[in-house]
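Visitor: Hello! Could you walk me through this structure, one question at a time?

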Amino acid sequence: MDYFIKALQQNPELAIFLALAVGFSIGKIKLGGFSLGTVVGTLFAGVLIGQLDIKVPSLVKTVFFDLFLFTTGYKVGPQFFRGLKRDALSQMALTLVLCTTCLATAFIAAKLLGYDIGTAAGLLAGAFTESTVIGTAGDAINRLAISAEEKARLLKNIPVAYAVTYLVGTTAVVWFLPNIGPKLMGINLKDEAKKMQAQVSGGAEAQPGIMSPSRSFDVRAYRVTNEKLVNKTIAELEAMPKEFRVFIQRIRREGAIIEPEPNTVIHQGDVIAVMAKAEVLVERSSVVGPEVDDKELLDFPVEVLDVVVTNKALVDKTLSELSKSEPWRTQFRGVFLRKLTRAGAEMPITLTMQAERGDLLSLVGAKRDVDRAAAVLGYADWPTNATDMVFVGTGIVLGGLVGLLTVTIAGLPITLTASGGALIMGLVFGWLRSVFPAFGRIPEAAMWVFDMVGLSVFIGVVGLTAGPSFISGLQKSGISLVFVGFVAALLPHTVAILFGRYVLKMNPVILLGACSGAGTMTAALRAIQDESQSKLPALGYTVPYAVGNILLTAWGPVIVALMSVGS
């Protein structure tokens, strides 16, 4: 055991990786439907291992924290700037109200209960599950004109308050939004979701344009025997069904295979390869004629491709418009959508869904059709393992330089710090990537490392550093923090729900999704979707999530400045 302890003390990098291993294991444990998650699990692991008095250079956590913040901004950049548009102003207003109430609640509670600056910052970070506040508030504390011993004490109080209030805040909000939120608005969440689904889908299970709600398709061969189909062109046949999409990909005529054009005429006895939603082929196969086993006819290349939307002409077009109007209908012929991702969240696909710059569309269909659609949509995001580190490194440096600038407001010096600047520049660079996607690629796997591992290493080092004083700090203020964390977590969401429903007149399904986004609470979004039995709440999530990340992160140095006045 002595060998093990000395190895960790003399090689703190081993302690960090041990904290990650233990923390991720703790995070996977579920009690009912609740789990701590990897971030809190790593904090507890760090605190536990930190009892061995392990010294970790502070530069380590700063490097990983900056990487995490830049990646966060990169993911939500397009949606942040999307929030500046007129049709998203209500979501912006809701986010501003919720985040401002978060700051005011934490500040007032800390003043009333006599908490110090570190505990107040930890309360803000934990009750609103915004781990980035730990870093930005910590940077701000290090800039205060106080002794090194006092700085160390305040910094160690942050994770104590964070750990207690995070558990309370997460549990409370995940329960509150889907269960109490609808009662505050006097609605039934499932019924509202059904009403909204009927509105956005036109009341039918249609497959609009390339953005079909179909998540699967099939291709089968049929011999044409129906007289109503003979002597009609491909374009005429594909336009006949109004409620679903059907495409004729190939034709076998007198033994030869024909690659058809829209004006190709169908003859009696032709064998046609029909592509459509699988259930459509099962239900409507008899309309054409008998099914034929023709492997050669069906053997054509099918492609799955992710495409980033950059075409300005498509922005704000609904999926219904893209499916029914030319030239889009022709250009997107034969292509199905497997998934639409926006700001890292999978979106529900409906007739009224609007395309936005930076959306990632996962397309599937015949290769020639997918390539044609990709050229119209924007940039084909071919799979690669390479990260553009010139882009990442430059962004963090420029962001750090901007973040170090200080602005004095009402006599209070406010600075984003270098880490906060990395977040801001991540927003800008993420938006640039959506406009000029030929550079700045960060593959999903690399983004996961930068995001999850970056934050976890930062939190793990915080736990290791705070370990020796964590227990005493918890004994001192833990009981009061449980109650304060519960109130501080729920009060801002209560205010936001009432403001959004009765002042902004927002749709309740969108409103609850927006609350989960503004509070950067993905777990709450999942709970709302489960309760409503719909993915529609995600429509209100992305813009508030982007804006909420910025505001709550910026509150770190703000609450430090507010708590410093008169202290």
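Visitor: How many bridges join strand E3 to strand E6?

Guide: Happy to start there, with the reminder that this is a predicted model. Strand E3 covers residues 218–223 and strand E6 covers residues 271–276. One pair to look for is aspartate 218, which stands opposite alanine 276 in E6. The two strands run antiparallel, and the bridges that join them number six.

Visitor: Which strands stand at the edges of the open sheet with the order E5-E4-E6-E3-E7?

Guide: Five strands make up this sheet, and the pairing is antiparallel. An edge strand here has a single partner strand, so one side of it is left without a neighbour in the sheet. That holds for two strands, E5 (256–258) and E7 (291–292).

Visitor: What is the order of the open sheet that has E10 and E12 as its edge strands?

Guide: Let's build it from E8 outwards. Strand E8 (residues 302–309) is joined to strand E11 (residues 360–366) by seven bridges, and E8 is also joined to strand E12 (residues 378–380) by three bridges. Strand E10 (345–346) and E12 each pair on one side only. With five strands and antiparallel pairing, the order is E10-E9-E11-E8-E12.

Visitor: In E12, which residue is the bridge partner of valine 309?

Guide: E8 and E12 run antiparallel, and valine 307 stands opposite alanine 380 in E12. For valine 309, the bridge partner in E12 is glycine 378.

Visitor: What separation do the C-alpha atoms of leucine 360 and aspartate 306 have?

Guide: Leucine 360 lies in strand E11, and the bridge partner of aspartate 306 in E11 is serine 362. Leaving aside neighbours within four places in sequence, leucine 360 is in contact with residues including Asp306, Val307 and Val308, as well as Lys339, Leu340 and Thr341. Although leucine 360 and aspartate 306 are 54 residues apart along the chain, their C-alpha atoms are separated by 6.4 Å.

Visitor: At about what angle does helix H16 run to E11?

Guide: Helix H16 is made of residues 367–377. This helix lies across E8, strand E9 (335–342), E11 and E12. Relative to E11, H16 runs at about 150°.

Visitor: Let's turn to the helices H7 and H22. How far apart are their axes?

Guide: Helix H7 takes in residues 132–142 and helix H22 residues 542–564. H7 passes H22 in a right-handed crossing, and the two pack at an angle of about 30°. The distance between their axes is 8 Å.

Visitor: By class, how many residues in the contact of H7 with H22 are nonpolar, polar and charged?

Guide: On the H7 side, look for Thr132, Val133, Thr136, Ala137, Ala140 and Ile141. They meet Leu552, Thr553, Gly556, Pro557 and Val560 in H22. Sorted by class, that contact has seven nonpolar, four polar and no charged residues.

Visitor: How much space lies in the largest cavity?

Guide: The count comes to one cavity of 30 Å³ or more. Its lining residues are Leu98, Cys102, Ala127, Phe128, Thr129, Val173, His493, Gly519 and Met521. By class, six of the lining residues are nonpolar, three are polar and none are charged. The space in the largest cavity is about 40 Å³.

Terms used. Residues are numbered from 1 along each chain as its sequence is written. This is a predicted model: local features need pLDDT of at least 70, side-chain atom pairs count only at pLDDT 80 or more; totals for chains, interfaces and linings use all residues. Side-chain values use heavy atoms; hydrogens and water are left out. Axes are lines fitted to C-alpha atoms, for helices over the stretch in contact, and angles run from 0 to 180 degrees between N-to-C directions. Helices (H or I, at least four residues) and strands (E, at least two) are DSSP runs, numbered from the N terminus. A crossing is left-handed if the near helix is turned anticlockwise from the far one by less than a right angle, and right-handed if clockwise. Contact means heavy atoms within 4.5 Å. Ala, Val, Leu, Ile, Met, Phe, Trp, Tyr, Cys and Pro count as nonpolar, Asp, Glu, Lys and Arg as charged, and the others, Gly among them, as polar. On a 1 Å grid over the protein atoms alone, a cavity is a set of points where a 1.4 Å probe fits but cannot get out, and a pocket is an open set with protein on both sides within 12 Å along at least five of seven lines; lining residues have an atom within 4 Å of a point. Grid points are joined across faces, edges and corners, and a volume is the space filled by probe spheres set on the points. Two strands pair if DSSP finds at least two bridges between them.
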